[in-house]
Amino acid sequence: MTASEPAPAVSPTPAALPVVIELRYFAAAAQAAGRTEERLEATGPLTLAGLREHLAGRGIEMARVIGISTFLVNGLSTPADSLAPLVDGDRVDVLPPFAGG
């Protein structure tokens, strides 16, 4: 390429498609969230670890509950610090310890 040639066109990076996940809260998690379920839309990559951080930012009680909860992604137990991407349509269950648990 010479100085007189135009620079090659660069394709813009495509916008990240939104990821919509379904959250279901049980017991103390439902109480802290003020609901039993919600749909959450994220633009860009989302992991369970990132979701936990987002939810914990909703207040002291939610942070406490999220810190002691276990998680199911599409019915499968998933480590709370998982960096595997959540995808559109995933369902995440937030399960705090139940009585005696």
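This passage walks through the sheet, the helices that go with it and one buried serine in a predicted model.

The sheet comes first. It is open, has 5 strands and, read across, goes β2-β1-β5-β3-β4, with mixed pairing. At the edges sit β2 (37–43) and β4 (76–78), each of which has a pairing partner on one side only. Going from one strand to the next, the twist averages 30°.

Two of the strand pairings can be looked at in detail. Strands β1 and β2 run antiparallel and are joined by 7 bridges; here V20 faces E41 of β2 across the pair. Strand β3 (residues 70–73) is likewise antiparallel to its partner β5 (residues 91–95), with 4 bridges between the two. In that pair, F71 has V94 of β5 standing opposite.

Back at the edge, β2 shows a neat alternation of side chains. E38, L40 and A42 point to one face and are buried. E37, R39, E41 and T43 point to the other face and are not buried. The residue opposite V20, E41, thus belongs to the set that is not buried.

As for what lies against the sheet, helix α2 packs on it and touches β1 (18–25), β2, β3, β4 and β5. The direction of α2 makes about 65° with that of β1.

Helix α2 (residues 48–56) also packs with helix α3 (residues 60–68), at an angle of about 150° and with the axes 8 Å apart. An angle over 145° counts as roughly antiparallel, so that is how α2 and α3 are arranged relative to each other. On the α2 side the contact is made by R52, L55 and A56, and on the α3 side by M62, A63, I66 and G67. Sorted by class, the residues in this contact are 5 nonpolar, 1 polar and 1 charged.

Just past this helix pair, the loop between α3 and β3 holds S69. With a relative accessibility of 8%, S69 counts as buried, because the cut-off for that label is under 20%. A polar atom of the S69 side chain lies 2.7 Å from the backbone oxygen of V65. Leaving aside residues up to four places away in sequence, S69 touches V94, L95 and P96. One of these, V94, is the β5 residue that stands opposite F71, and S69 therefore shares a neighbour with the β3–β5 pairing described above.

How values were computed
Residues are numbered from 1 along each chain as its sequence is written. This is a predicted model: local features need pLDDT of at least 70, side-chain atom pairs count only at pLDDT 80 or more; totals for chains, interfaces and linings use all residues. Side-chain values use heavy atoms; hydrogens and water are left out. Axes are lines fitted to C-alpha atoms, for helices over the stretch in contact, and angles run from 0 to 180 degrees between N-to-C directions. Angles under 35 degrees count as roughly parallel, over 145 as roughly antiparallel, 65 to 115 as roughly perpendicular and the rest as oblique. Contact means heavy atoms within 4.5 Å. Ala, Val, Leu, Ile, Met, Phe, Trp, Tyr, Cys and Pro count as nonpolar, Asp, Glu, Lys and Arg as charged, and the others, Gly among them, as polar. Two strands pair if DSSP finds at least two bridges between them. Buried means under 20% relative accessible area, exposed over 50%, partly exposed in between (1.4 Å probe, protein chains only). A polar contact is a pair of N or O atoms within 3.5 Å; within protein, one must be able to donate a hydrogen and the other to accept it, and residues adjacent in sequence count only if both atoms are side-chain atoms.
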